[in-house]
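Biologist: Thanks for sitting down with me over this one. Shall we go through it together, one question at a time?

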Amino acid sequence: MRLSKAFIPTIKEVPKDAVDASHVLLLRGGYIRMVGSGIYEMLPLGQRVLRKVTEIIREEMERAGAQEVLMPALLPASYFQETGRWDVYGDVLFRIKDRRGGDYHLGPTHEEIVTDMIRRDLRSYKQLPQILFQIQMKYRDEPRPRAGLMRGREFLMKDAYSFDVSEEKAHESYGTMREAYHRIFQRLGLDYRIVQADSGAIGGDTSAEFQILAQSGEDAIVACTSCDYAANVEVAEASTEGAARPEDAAGEPLERVATPDTKTMEEVVAFFANENVTLQDTIKALVYLVPGEEPQFVMALVRGDRDVNEIKLARYLGTDEVHLASDADVREQLGTSVGYVGPVDTKGMRIVADPEVAAIVDGVAGGGDGHHYRNVNFGRDFDAELASIRTVGDGDCCPRCGAPLRSYRGIEGGHIFVLGTRYSSAMNATFLDESGKARPIVMGCYGIGVTRLMAAAVEQNHDEAGIRWPLPIAPYQVIVMALGKKAEIFAEAEKVYQALAAEGVEVLYDDRKERPGPKFKDAELIGIPLQVRVGRDAADGFAELVERASGQAQKVALDAVVPTILGKLRAGGGR
């Protein structure tokens, strides 16, 4: 493709709300354009990248035995109503009425539709297992679309679904998809971690995320510095070794102390500074409202230097979510303001404490308005249910091997689940087993945000000048630049361009009658992995070959440019 003929509308200025690198650079580089809030069109460069990503995904899914289907995006409400998700999804669902008043919606995900597809035709255990996948647009009315392709209201997704006769077989399918995902992310050229995760609204008990490491990622993850343990902080655990209470720690007598104007943990530590109290010696108490037919209030306790992990707390309590109680509710339940809540004298409120709290000897905790207790000890001064409810972070010990954990930021590129029978039971998707008994199909779900991967690749691979595409998904593998005004330079650049194209190399030729400066800037911005710069040295039979990612440059004879590039492409997995 000749750049003079290509539709690559690069721009200098971007919208003020474009702050993430991928959002800025994909707009500036002429890859995408915003049509509406959270809605983007793919321009030719963007479509080339997207096509490469989908080709890799499609190849690996089919290699794993999955079969491709295409389900509708416009869906009758009845399927979501059948499983109860018509109400659960709330305002995120794009709801539509047809001319007859019928309820429809745009598909945010397709568990119900694919379950219906299977239940219509599958009758016997002999027809299982099955794995179906599609690559299709999804629609979610995000309250705050952000970061361009990272979180939009319309996005391309690969979703796959497995169907098995048992939990054991479902985990085998899960393992097959897990390995397929490893191959996909490796072929995409991305630095990623596979982490334990929470299944969220989709459900399921076995869940993992493929997190692309990037400082701009909205997900916090931890990974062991020694073994392969990694998890989203929503579900991450840490070793409890060293958190045990000393056996000979009887504790000093409980004492209530006036502590005016000490509502934060830091203020409490400052008040008791002359007693060498640290945050590790304090007990942080938060009151949560647990929704339900009969809402209840629960007190959560963690060490003063820790945070409550609300997802862990909710899962322990057997609910989908918990909410911090209001000041008024805390006052009504405990007779004190929020800043002075503690586990002593709690009027029978249910208390859940992290195991670290039970290990504190002579701690400091809230004691009611304007007061704190010191010398607070678990088992003597208060009782609580012990459960891991704190957020794990940098420096904590790995629950598997005890080595330190390290914190990362990540972008969720893929998510895999074992769903069990949640959807098949609700929709009566059954099969007859060997004895002729009807049993619900055991399902799995496997998603990849395709357009998000495109943005995540940029977040992980860019510099101040522009994008640095991984070779496997770059829109073009090579850009040839004619640098100068002499006809001889353009003639030599043309020869290189034609020779590369003849070898099947994906090559973009900057044949514009422009100064070298703008050509360099555009090449850096759009991020083609290999640059062939044909300039003044062409008269002596040489060109310059530059690697975009490293900036490494080498002088190469013109007649050696093509074999040199072919060697680099083979080494980099580009051909």
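**Charged pairs, a sheet and a core**

Modeller: Happily! This is a predicted model, and a good place to begin is Glu 60, which counts as buried because its relative accessibility is 3%.

Biologist: Which side chain meets Glu 60 in a salt bridge?

Modeller: Glu 60 belongs to helix α2, and its partner sits in helix α6, 127 residues apart. That partner counts as partly exposed, at 33% relative accessibility. With 3.0 Å from N to O, the residue is Arg 187.

Biologist: Which strands stand at the edges of the open five-stranded sheet?

Modeller: The strand order is β16-β14-β15-β17-β20, with mixed pairing. An edge strand here has a single partner, so one side of it is left without a neighbour in the sheet. That describes β16 (323–324) and β20 (385–386).

Biologist: How far apart are the closest N and O atoms of Glu 385 and Arg 350?

Modeller: Glu 385 lies in strand β20 and Arg 350 in strand β17, so the pair ties together parts 35 residues apart in sequence. Both are partly exposed, Glu 385 at 27% and Arg 350 at 29%. Their salt bridge has its closest N and O atoms at 2.7 Å.

Biologist: Between which domains does the largest nonpolar core lie?

Modeller: This core has 68 residues, and Tyr 31, Phe 185 and Trp 469 touch the most other members. Trp 469 has contacts that include Leu 26, Met 454 and Ile 526. Two domains both give residues to the core, so it lies between domain 1 and domain 3 (476–571).

Key: Residues are numbered from 1 along each chain as its sequence is written. This is a predicted model: local features need pLDDT of at least 70, side-chain atom pairs count only at pLDDT 80 or more; totals for chains, interfaces and linings use all residues. Side-chain values use heavy atoms; hydrogens and water are left out. Two strands pair if DSSP finds at least two bridges between them. Helices (H or I, at least four residues) and strands (E, at least two) are DSSP runs, numbered from the N terminus. A nonpolar core is a set of buried Ala, Val, Leu, Ile, Met, Phe, Trp, Tyr and Cys residues joined through side-chain atoms within 4.5 Å. Buried means under 20% relative accessible area, exposed over 50%, partly exposed in between (1.4 Å probe, protein chains only). Domain bounds come from an automatic or database domain assignment. Contact means heavy atoms within 4.5 Å. A salt bridge is a side-chain nitrogen of Lys or Arg within 4 Å of a carboxyl oxygen of Asp or Glu. Lists of a residue's contacts leave out its neighbours within four places in sequence.
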